[in-house]
Amino acid sequence: MAKIIISRDGQVERQVQLSKERVTLGRHSRNDIVLAHPAVSGSHASIVTILDDSFLDDLHSTNGSYVNGHRVGKHFLQHQDVIRLAKYELLFLADGIRPSAAAATAALAALATHALADIEILNGNNAGKRMALTKPLTSLGRPGVQVVAIRRAPAAYRIAQLEGAQPVLLNGVALDGAETLLRHGDVIEMGGTLLAFRLA
């Protein structure tokens, strides 16, 4: 189970296990994690955990949410990311059980035997160009405008919108923040650019 270690002015205050699917952070007492500082919004941010993945979601806070020094709207959290909310620093620690090097190598080898996929640009100056989705996590888009992440698992690819007020469309339907399974031929629309997901 992932956890966060909360510090203020360099002093560790507490450690919190992310045991709920959605954990809220803010100044008001109704939040799961109360951060008592005037620069923290009443409802500042939330951390949503789906299976093994956690996402930070800024709740339109006044002073913003930052991960590793960059202001974010929605952000896919990775092990040892540093979240800053006003004077607070939250160190995100993924599940402490890490696979051994041999297990990781075996997992990568198993992954390589499964079908690969790519993204093809359907319109604009780069129409026809393709990008192979070979990494465990591929992000697309412009930070601060629209960003999606495509996660590669052994049996499937899944997409989630991480940043942007304007929704990314999948086959004409807005992504809702949760991971969505991608199928061969799906069309992703980001800022007027059409992208086709194709299994190799």
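Contact here means heavy atoms within 4.5 Å.

**Figure 1. Overall view of the predicted model.** The secondary structure of the protein comprises one helix and 21 strands. Among contacts with a separation of 6 or more, 35% join residues that lie 24 or more positions apart. Of the 200 residues, 39% count as buried. The exposed area of the protein is about 11000 Å², of which carbon and sulfur atoms supply 54%.

**Figure 2. The open sheet of six strands.** The strands follow the order 2-1-11-10-7-8, and their pairing is antiparallel. Strand 2 (11–17) and strand 8 (70–72) form the edges; each has a single partner strand, so one side of each is left without a neighbour in the sheet. From one strand to the next, the twist averages 30°.

**Figure 3. The pairing of strand 1 with strand 11.** Strand 1 covers residues 3–8 and strand 11 covers residues 88–93. The two strands run antiparallel and are joined by six bridges. One residue pair illustrates the register: I4 has F92 of strand 11 as its bridge partner.

**Figure 4. The surroundings of A2, in the segment before strand 1.** A2 has a relative accessibility of 12% and therefore counts as buried, the cut-off being under 20%. Beyond its neighbours within four places in sequence, A2 is in contact with Q17, L18, S54, F92, L93, A94 and D95. F92, listed among these contacts, is also the bridge partner of I4. Although A2 and D52 are 50 residues apart along the chain, their C-alpha atoms are separated by 8.2 Å.

Methods:
Residues numbered from 1 in each chain as written. Predicted model: local features only at pLDDT ≥ 70, side-chain atom pairs only at ≥ 80, totals over all residues. Heavy atoms only, no water. Pairing = 2+ DSSP bridges. Helix = DSSP H or I, 4+ residues; strand = E, 2+ residues; numbered from the N terminus. Axes fitted to C-alpha atoms, helices over the stretch in contact; angles between N-to-C directions. Buried < 20%, exposed > 50% of the residue type's maximum accessible area, 1.4 Å probe, protein only. Areas by Shrake-Rupley, 256 points an atom, 1.4 Å probe, with all protein chains shown as cover.
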